[in-house]
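Here is a short round of questions on one protein chain. Keep the structure open while you read.

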Amino acid sequence: MTVGILVVSQSVSRGLSADKVVDALKQRLDGLELKAHKVVPDKKEDIQAAVLDWVRQDIKLILTAGGTGFSKTDITPEAIEPLLDRKAPGLVHAMLSYSLQITPFAMLARPVAGVCGETLIVTLPGSPKGATENFQAIKEIIGHALAQLGTESSRSLHKEARSGHHHHHHHGNLAKHELVDSVVARHRVSPYPAISVDEAYSKISENTPGPEVIEVSILEPRIVGSVVAENVTAQMDVPNFRASIVDGYAVISSDGPGVYPVVSVSHASKNDQKQLVAGQIARITTGAPLPEGADAVVMVEETRLVETTEGGSEEKLVEILAKNVRAGENIRAVGSDTRKESLVLAKGSRISPGGGEIGALASVGVNKIKVYRKPVIGLLSTGNELQDVLAENALHYGEIYDSNRPTLVSMVQNCGYEVVDLGIAPDNKGSLVKIIRDAVDVKKIDCLITTGGVSMGELDLLKPTIENELHGTIHFGRVRMKPGKPTTFATIGRSTVIFALPGNPASSSVCYHLFVLPCLLKWQGIEPALGQKLPTEPIVKVKLAEDLKLDPQRPEYQRVSIRQRDMALVATSTGFQRSSNIASFKKANGLVCLPAASDFGKTVLATGTVVDAILIDQIYM
Ligand SMILES: *[C@@H]1O[C@H](CO)[C@@H](O)[C@H](O)[C@H]1NC(C)=O
């Protein structure tokens, strides 16, 4: 068993006095192995950072010394308490009663003790005498505590723990969780029933908050992909004057061919036009307004210059060669593009990335419209084994780079949603609660996506944290599908949604497309297709390019590459489908939906079979 001793002292940390506690305690450790010791000042962050670092290194017992008294700078209990998943008041009691026999001043000690992950933490007084006395009081029993926290002896302790303090209260189908830290007390069978994908869709649909209307400028990037929340009608005609379609001469059509004086000029921007009367013409450019009296435009190619003004700078007489000019010829009539009061954009339509809708709005003078707000997404990875790839730290043994969050950040952003990157949460309840509260209350996220911490592992803190600490509701905790079985969907209050996705990167990507995106699409006002519960990415029929083996029990969503071949869409598996294999996603633009063999009655879908596929990207040529 390994021990870390953390000396909390301002003066020792500054080198103003020498530490004697570590030496004193070292002599009482007996069988325990002193793995680390450190001195930190009376600063909450420093204390917590040191402790969490040791918890991560799997040190079994952390003893702190100092900072447990009544002076203002004594903050060790305040630093340790939030880190504790479970408190151990018995140890505190034992230390206090032992010390009180020695000195009444023990009344002024404020020790705390408890478990963080699989580490026991005990705060001792700062003096060598006080520290060793307190440690003496609990030493005998601490061995048992550590044994119960350890993983080695789980089998022999299993029965005891089960019949002991851990009760699981069942409410209907879902079980309310109690925080289960030690591996011996973890669930061997998930208390959540595995529901079908269709039932999961019902629950998501029922619990997705209704869309909220906001007004945005037509040039705000987030307008693209937004759903219009009002009928936008034109408040003007476009064009709102009669405009020439060509360069040429405004005429009175009944005048016919012949030589006419050019009495005015009409440009798009400036015009000094007079009213035309019979026997006159006016020079006009494309897009310019017609002079009053004119009813047609003859293009310049169908005319001939007869005479210029003195100096030759202006046209004086021009011959109209065109015959049978009809009234209205080469004129864009008032309201011929958009008529006043007509519908420019319908409520429920979507602003495409092509820019057409924005152009239509601008043409009728509209520069902001009401749309449904897109939810803001927070992304959090959980797991002590994870390293942030951006931090550029080397991996310790057993660690992996977190690929989930970068994958999801990229996917969510590419779907047009604002992302708040919440980083990696250590596997302990205190930090998880703090991060989630901060994300919702301060960073104003609407939807939290977490990855990791939803399997049957002993550090699955998320479900109990959502229920017990955040007072949320877990709507489902398992889905009968592959991959992504432990997918969890929860809400806190009426306006915050949580998706807890499996820690495997490929699983979390599948679950994002299958569950999270449909929720977000509904939330931002997109209607589901007829007969569907939730809006989704396009679902297309594809032909299988090869035989696909079916899972015996669960419907499976396999990553495929979809291409067009001979007028049909053909799906090729992207290879090895193990759920930790994110590389199998690289070329994937679709997810084929394969039935479970037990539902389908066969174990293989043959080459050429037509199945549904969710199109998660474009079809490339
Ligand atoms: C919006 O326009 C459509 C099409 O003209 C019409 O059917 C609908 O009733 C309008 N909705 C509202 C809220 O005005």
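**Salt bridges, a buried serine and two sheets**

Q: Which residue does Asp 198 meet in a salt bridge?
A: This is a predicted model. In it, the closest N to O distance of the side-chain pair is 2.8 Å. Asp 198 lies in helix H8 (residues 197–207), and the other residue sits in the loop between helix H13 (505–523) and strand E29 (539–544), so the pair ties together parts that are 335 residues apart in sequence. The partner of Asp 198 is Lys 533.

Q: Are Asp 198 and Lys 533 buried, partly exposed or exposed?
A: Buried means under 20% relative accessible area and exposed means over 50%. Asp 198 has 48%. Lys 533 has 33%. Because each value falls in between, Asp 198 and Lys 533 both count as partly exposed.

Q: Which residue forms a salt bridge with Arg 373?
A: The closest N and O atoms of this pair are 3.0 Å apart. Arg 373 lies in the loop between strand E20 (368–372) and E21, and its partner in the loop between helix H11 (429–441) and strand E25 (447–451), so parts 73 residues apart in sequence are tied together. Both residues are buried. The partner is Asp 446.

Q: How many salt bridges does the whole structure hold?
A: Side chains of opposite charge can pair when their charged atoms come close. Asp 198 with Lys 533 is one such pair, and Arg 373 with Asp 446 is another. A search of the whole structure gives a total of 23.

Q: Which residues are linked with Arg 405 in a network of salt bridges?
A: Start with the pair Arg 405 and Asp 402, whose closest N and O atoms are 3.0 Å apart. Arg 405 is buried at 5% relative accessibility, and Asp 402 is buried at 3%. The network links Arg 405 with Asp 388, Asp 402 and Asp 421.

Q: Which side chain makes a polar contact with the side chain of Ser 381?
A: Ser 381 lies in strand E21 (residues 377–382). Ser 381 is buried, with a relative accessible area of 1%. Leaving aside neighbours within four places in sequence, its contacts include Leu 386, Asn 404, Arg 405 and Thr 451. The polar contact, at 2.7 Å, is with Asp 402.

Q: Which strands stand at the edges of the open sheet with the order E24-E21-E25-E28-E27-E26?
A: This sheet has six strands and mixed pairing. An edge strand here has a single partner strand, so one side is left without a neighbour in the sheet. The edges are strand E24 (419–425) and strand E26 (473–476).

Q: Which helix packs on that sheet?
A: Neighbouring strands of the sheet are turned by 20° against each other on average, direction ignored. The helix touches E25, E26, E27 and E28. Its direction makes about 135° with that of E26. The helix is H12 (residues 462–469).

Q: Which residue in E28 stands opposite Phe 489?
A: Strand E27 (residues 488–492) and strand E28 (residues 496–501) pair in the antiparallel sense. Five bridges join E27 and E28. Opposite Phe 489 stands Phe 499.

Q: In the sheet with the order E15-E12-E14-E13-E17-E16, which residue of E14 is the bridge partner of Val 265?
A: This open sheet of six strands has mixed pairing. Strand E13 (residues 258–266) and E14 run parallel, joined by four bridges. Strand E12 (residues 248–251) and strand E14 (residues 281–284) run antiparallel, joined by three bridges. Tyr 249 stands opposite Arg 283 in E14, and the bridge partner of Val 265 is also Arg 283.

Q: How many disulfides does the model contain?
A: A disulfide is a covalent bond between the sulfur atoms of two cysteines. Among the cysteines, Cys 116 is buried at 0% relative accessibility, while Cys 593 is partly exposed at 25%. With a cut-off of 2.5 Å between sulfur atoms, the count is zero.

Q: What share of contacts between residues at least 6 apart in sequence joins residues at least 24 apart?
A: The chain has 14 helices and 35 strands. Buried residues make up 48% of its 621 residues. For the contacts in question, the share is 72%.

Key:
Residues numbered from 1 in each chain as written. Predicted model: local features only at pLDDT ≥ 70, side-chain atom pairs only at ≥ 80, totals over all residues. Heavy atoms only, no water. Helix = DSSP H or I, 4+ residues; strand = E, 2+ residues; numbered from the N terminus. Buried < 20%, exposed > 50% of the residue type's maximum accessible area, 1.4 Å probe, protein only. Polar contact = N/O pair within 3.5 Å; in protein donor to acceptor, adjacent residues only side chain to side chain. Contact = heavy atoms within 4.5 Å. Salt bridge = Lys/Arg side-chain N within 4 Å of Asp/Glu carboxyl O. Pairing = 2+ DSSP bridges. Axes fitted to C-alpha atoms, helices over the stretch in contact; angles between N-to-C directions.
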